Amino acid sequence: MKQRTVIDLSDLPSYGFGPRSPTWWGTLAFMALEGTGFALAAGSYLYLVYIAPSWPLSRPAPNHWPGTIITLLLLASLIPNHLLERHAKRCEMRQVRLGLLVMCAFGILPLVVRYFEFPALNILWDTNAYGSMLWVLLGLHTTHLLTDVGDTIVLTALMFTRHGHSGRRFSDVEDNVFYWDFVVLTWLPIYVLIYWVPRL
Amino acid sequence: MSSAGTVPTERQRLRDTDLDRASLERWLARTWTTPRGLVGALSAVDHKVIARRYLLTAFAFLCLGGLSAVAMRIQLSGPERGLIGPDLYNQLFTMHGVTMMFLFAVPIVQATGVYLVPLMVGTRNMAFPRLTAFSFWIYLSGGLFAWVSFALNMGPDIGWFGYVPLSGPEFGPGKRADVWAQMITYTEVSSLAVAVATIVTIFKQRAPGLSLDRIPLYVWAMLVTSFVVVFAMPAVMIASTFLILDRLVGTHIFNPAEGGDTLLFQHLFWFFGHPEVYIIFLPATGMVSAIIPAFARRPMFGYLALVLSLIAVGILSFGLWVHHMFATGLPKLGASFFTASSMLIALPNGLQIFCWLATLWEGRPVMKTPLLFVFGFFFIFVAGGLTGVMLASVPLDLQVHDTYFVVAHFHYVLIGGSVFPLLGAAYFWFPKLTGRMMSERLGRWHFWLAFIGFNAAFFPMHIVGLQGMPRRVYTYPSELGWGNINLFITVGAVAFFLSFVLFAANLLRSASKGEPAGDNPWSAGTLEWATASPPPSYNFARIPVVTHREPLWADRETLPVASGLRVDVRELLISTIAEAKPDIREKSATPSIWPLFAAIAVGGTFLYSIFTPWAVIWGALPIAVALIGWFWPKGSPEDEE
Ligand code: HEM
Ligand SMILES: [Cu+2]
């Protein structure tokens, strides 16, 4: 077929932030599917609560302190996270590097506390279905945290190399910010389910 | 190194505007072609290369699934045959169901999308090409895992939906149920990855002017399907993960003795399992909506109605899962709700059929093989839909639950609703894949053998089902008098199977000896026909600009195109989501071996995990290494802009 040029694309930018970038949409889609997984796991937990004659199944309620500390840490991390977003959008390299280092710390700290959180549940996964569900919910979120922290560390390392000097990379940083919000957000209902539903 | 606030500005690069057509094509081929050699082949990220592999693999699994079906049918061809014992029979129907649903039907519709969607939206590759490559490797290894286990007498024997407690630690000793659970998780990882890539390709990579109200209906169908995948597949992943935890580390999620519940498994499974039927069916309707206008030679009647009914079916499909569980004794109100919603879904489906018939009515249809298969689809699918409406009523379902009536019903829906359109699609798009036409004469033989064989095999199943023959039995006593009708069914099944042999012969013969097809052998209107057959590695030398729903019918002589993309690196045009206005020129991923390594690491972890939970810890390291290799850029500084 013959062709006739009607549009010239040369002046388009080579990267974009947020919904302009395909990666952002990919991240959103992954959030949708992971969010569905979390919702179904939470639904399964509530279903078991609903059919159980008493909940927790004759066990002491968990000690909520480690979980509460994690909640506070995660909520606090939202501040540097959004400062980082602002710097990424302006392509400010020094601030972005610093912000990423801070976010690595804010990712690792909850994991350290999490180490103490599992024993604080006061039940093992193989004791009964209540114990199984607590471990599953906490395990799911821990996997979530671990993978995102790993991701953040790799991205941080990347931003300290020559590969960092690129608009695409700043847009990646912004997507990382976006995903961290999701990690924090998914924790809140799980926190309520694990620590406060058994106390109802 | 440079300071804050700046990103290097782009120097002048080689763009398509600097070149004449011939050197443009040379440059693009250099930039986009998959590298040669074994490593090159294993690194491929070209959507067409990946899709071809996907299609071939899915076809191979169809053959395995078909062979297991024929084996079952031979055993059932007469009363008290001793060919296959009960244990092997259990494995056979499990492998058959699992293979057909997870290793054939879903992968093949997704693979067709991987091939066609980028061509139809006028872009050069899928979004996230390495993710697409990864998903193929995962799918291949998951399928091999299942079939090698079967060959080693470790095949699952719990039916394709693997209900607890049969699949649980108490009644399912050995590794069979673990194989089932892990292969489910595998195939789902791969489907989810493809779904995400498909959604983003459709949202962000459409050619200028291809606004939402001009997208081909097939692409709409793939979009809705991908959304259904995203929201349905996590449910089966949760179910299979809970199951493997119960089996391997002693959790009690499905154990009623310790506060768990067996019905929870069924809820999770069918929350996925019913939409699954639409994951298979919606793309098939998209194929029908591509074939009909091409042969009726007029645009599809009721475009908007069709789009809306696709979306309605996608949403309604989530409200139906409980109709698979009527026999479990649910509260009455719940059962009525699900009966109503099951019947409701017949409305948008009926609307689609009406639009197709109207298009054919107003056009002058040319009766070629693809259209024959579409007619076969109408006939069989409507019959299957009717028995579906019957089953949606609780009293009848209670009567025929787990009889051959149900087996007949779901094969009518699955094969009529999906396999027939797929076969039509194979004849329709084969020229685009290979540059050659398939033989019409063999195609007609194929159609009639398939159509007659299918009905001979599956129609009588309704009758034996109503007479009370249960499903999943390896034999039956001769006093019941089911011998003759079962023999008839088996003959039909063998004929249906042979029709696929004929199809394979046609494929092979036409791939080498078929008549050359040219760019647009059917004079169809959508963008995939605007490029050569088979398409070059870069799909389009210049990105088409769309002004009409059937761009090739609107601009018959010259194709309006956009220029200004770079040709020395893999550059894609990113556009806005609703109007498809040009927005960004973005680089697309280059070939890489790391997705393969990542799949090997993930697969090894899954496999090992059926023996020890520590596998998850040990597997994390190689997975992390592979992912870092995958994401780490290696370009020169200039390429990084
Ligand atoms: C050559 C064509 C086919 C034949 C002869 C055939 C035959 C059979 C037979 C004999 C059974 C076992 C019934 C029982 O003992 O309960 C069965 C089950 C099944 N078939 Fe097919 N089938 C064919 C194609 C397909 C296709 C294309 C699909 C899906 C796309 C499919 C999906 C299933 C499923 C999901 C089951 C249920 C397995 C289970 O009970 O766990 N079949 N089929
Ligand atoms: Cu259903």
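Buried area here is the accessible area, taken with a 1.4 Å probe, that two parts lose on being put together, summed over both. In this predicted model, chain A and chain B bury about 5,700 Å² between them on that basis, and 66% of it sits on carbon and sulfur atoms. On the chain A side, M1(A), Q3(A) and L9(A) pull a good share of the weight: they supply 13% of the area that chain A buries against chain B, more than any other three residues. Counted as contacts, the interface brings 60 residues of chain A up against 70 residues of chain B.

Turning to the polar side of things, the interface of chain A and chain B has 19 residue pairs in polar contact, both partners being at pLDDT 80 or more. The elements of chain A that give two or more residues to this face are β1 (2–8), α1 (22–51), α3 (93–120), α4 (129–159) and α5 (167–196). Of these, α1(A) gives the most, with 16 residues. Broken down by class, the side of chain A that touches chain B comes out at 30 nonpolar, 19 polar and eleven charged residues.

Salt bridges also cross between the chains, and the rule finds three of them at the interface. One of the salt bridges pairs E586(B) with R168(A), with the closest N and O atoms 4.0 Å apart. Over all chains, the structure holds 18 salt bridges. Another example, this time within chain A, is K89(A) with E174(A), where the closest N and O atoms are 3.6 Å apart. That pair ties together distant parts of the chain: K89(A) belongs to helix α2 (residues 65–89) and E174(A) to helix α5, 85 residues apart.

The two chains also share a β-sheet. β1(A) runs parallel to strand β2 (residues 558–563) of chain B, and six bridges join the two strands. Within this pairing, I7(A) has A562(B) as its bridge partner. The full sheet is open and has three strands, in the order β1(A)-β2(B)-β1(B), with mixed pairing. β1 of chain A and β1 (543–544) of chain B each have a single partner strand and stand at the edges, so one side of each is left without a neighbour in the sheet.

As for aromatic rings, the count comes to 73 aromatic pairs over all chains. W125(A) and W135(A) make up an edge-to-face pair, at 5.0 Å centre to centre and with 70° between the planes. This pair also links distant parts of the chain, with W125(A) in the loop between α3 and α4 of chain A and W135(A) in helix α4, ten residues apart.

Finally, a few backbone oddities are worth a look. Most residues other than glycine have a negative phi, and most peptide bonds are trans. In chain A, the bond from W55(A) to P56(A) is cis, with omega near -5°, and P56(A) lies in the loop between α1 and α2. Chain B has a cis bond joining S533(B) and P534(B), with omega about -10°; P534(B) lies in the loop between α16 (483–513) and β1 of chain B. On the phi side, E80(B) has a positive value of about 50° although it is not a glycine, and it lies in the loop between α3 (47–76) and α4 (86–121) of chain B. R472(B), also not a glycine, has a positive phi near 60° and is placed in the loop between α15 (440–466) and α16 of chain B.

Note on methods:
Residues are numbered from 1 along each chain as its sequence is written. Chains are lettered from A and ligands numbered from 1 in the order in which they are written. This is a predicted model: local features need pLDDT of at least 70, side-chain atom pairs count only at pLDDT 80 or more; totals for chains, interfaces and linings use all residues. Side-chain values use heavy atoms; hydrogens and water are left out. Contact means heavy atoms within 4.5 Å. A salt bridge is a side-chain nitrogen of Lys or Arg within 4 Å of a carboxyl oxygen of Asp or Glu. A polar contact is a pair of N or O atoms within 3.5 Å; within protein, one must be able to donate a hydrogen and the other to accept it, and residues adjacent in sequence count only if both atoms are side-chain atoms. Helices (H or I, at least four residues) and strands (E, at least two) are DSSP runs, numbered from the N terminus. Ala, Val, Leu, Ile, Met, Phe, Trp, Tyr, Cys and Pro count as nonpolar, Asp, Glu, Lys and Arg as charged, and the others, Gly among them, as polar. Two strands pair if DSSP finds at least two bridges between them. Rings of Phe, Tyr and Trp (its six-membered ring) pair if their centres lie within 6.5 Å; planes under 30 degrees apart count as stacked, over 60 as edge-to-face and the rest as tilted.
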